[in-house]
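Here are a few exercises to work through with the model open in your viewer. Try each task before you read its solution.

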Amino acid sequence: MTPVSTTEPASGVRTLAHPARDEIRIESVLHALSDPVRLCVVRELAAADGELTCSRFDLPVTKSTSTHHFRVLRESGIVQQIYRGTAKMNGLRREDLEALFPGLLDRVLEAANLQADRLGGA
């Protein structure tokens, strides 16, 4: 499956393709989480009460690079992105990841938080 942004002509609602639960691969998840910027996004989403807009993240990269990072997270199956008006909302796919790889996301987040503490909040 090649995830692609699409527009539904009848309703005008913009949708983004996501992998189905059974299409999520551990290699893609680990690759996505291996980048510090993407890991930062996942940490912020995990700490949030709900979904966050892309503009909510203060990332040390250009807008086009930020878009790339969000696309990698979506295509790997880590985040769900939906449009609400002009805002693109992001939420973790915790339930899917937990069903496929029990404990993985929690352990990665725990390790990332420990590392941030050790390195002084990085």
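A residue counts as buried when its relative accessible area is under 20%, as exposed when it is over 50%, and as partly exposed in between. Keep in mind that this is a predicted model.

**Exercise 1. Sort four residues**

Task: decide which class, buried, partly exposed or exposed, fits D96, P36, G50 and V41.

Solution, step by step:
- Start with D96, which sits in helix α4. Its relative accessibility is 16%, and the cut-off for buried is under 20%, so D96 counts as buried.
- Next comes P36, in helix α2. With a relative accessibility of 63%, P36 counts as exposed, because exposed means over 50%.
- G50 belongs to the loop between α2 and β3 (52-53). A relative accessible area of 39% makes G50 partly exposed.
- V41 is another residue of helix α2. Its relative accessible area is 0%, so V41 is buried.

**Exercise 2. Look around the residues**

Task: find out what V41 and D96 are in contact with, leaving aside neighbours within four places in sequence, and then see how far V41, P36 and G50 are from a partner further along the chain.

Solution, step by step:
- Pick V41 and skip those neighbours: the contacts are F57, L59, F70 and L73.
- Do likewise for D96, and you get R21 and I24.
- Now turn to C-alpha distances. V41 and V79 are 38 residues apart in sequence, with 9.8 Å between their C-alpha atoms.
- For P36 and A112, the separation along the chain is 76 residues and the C-alpha distance is 9.5 Å.
- G50 and G91 are 41 residues apart in sequence, and their C-alpha atoms lie 6.8 Å apart.
- Finish with the whole chain: take the contacts between residues at least 6 apart in sequence, and 60% of them join residues at least 24 apart.

**Exercise 3. Find the buried side of a helix**

Task: which residues of helix α1 (residues 26-33) are buried, and what covers them?

Solution, step by step:
- List the buried residues of α1: V29, A32 and L33.
- Check their directions around the helix axis. They cover an arc of only 95°, so they are on the same side of α1.
- Then ask what lies over them. The cover includes α2 (36-47), α3 (63-76), α4 (94-100) and α5 (104-118).

**Exercise 4. Take the largest pocket apart**

Task: work out how much space lies in the largest pocket and which residues of its lining lie nearest its centre.

Solution, step by step:
- Volume: the largest pocket holds about 260 Å³ of space.
- Lining: 15 residues line the pocket, and C54, S55, K63, S66 and T67 are the ones nearest its centre.
- Elements: α3 and β5 (87-92) each give at least two lining residues. The largest share is that of α3, with 4 residues.
- Chemistry: sort the lining by class and you have 7 nonpolar, 6 polar and 2 charged residues.

**Exercise 5. Step back to the whole chain**

Task: what pattern of helices and strands does the chain follow along the sequence, and what percentage of its residues count as buried?

Solution, step by step:
- Count the elements: 5 helices and 5 strands.
- Put them in sequence order, and the pattern reads β-β-α-α-β-α-β-β-α-α.
- Apply the burial cut-off to the 122 residues, and 35% count as buried.
- For the surface, the accessible area of the chain is about 7,300 Å², with 53% of it belonging to carbon and sulfur atoms.

Conventions
Residues numbered from 1 in each chain as written. Predicted model: local features only at pLDDT ≥ 70, side-chain atom pairs only at ≥ 80, totals over all residues. Heavy atoms only, no water. Buried < 20%, exposed > 50% of the residue type's maximum accessible area, 1.4 Å probe, protein only. Arc of directions from axis to C-beta. Contact = heavy atoms within 4.5 Å. 1 Å grid on protein atoms, 1.4 Å probe; cavity = no way out; pocket = protein on both sides within 12 Å on 5 of 7 lines; lining within 4 Å. Points joined across faces, edges and corners; volume = space filled by probe spheres on them. Nonpolar A, V, L, I, M, F, W, Y, C, P; charged D, E, K, R; others polar. Areas by Shrake-Rupley, 256 points an atom, 1.4 Å probe, with all protein chains shown as cover.
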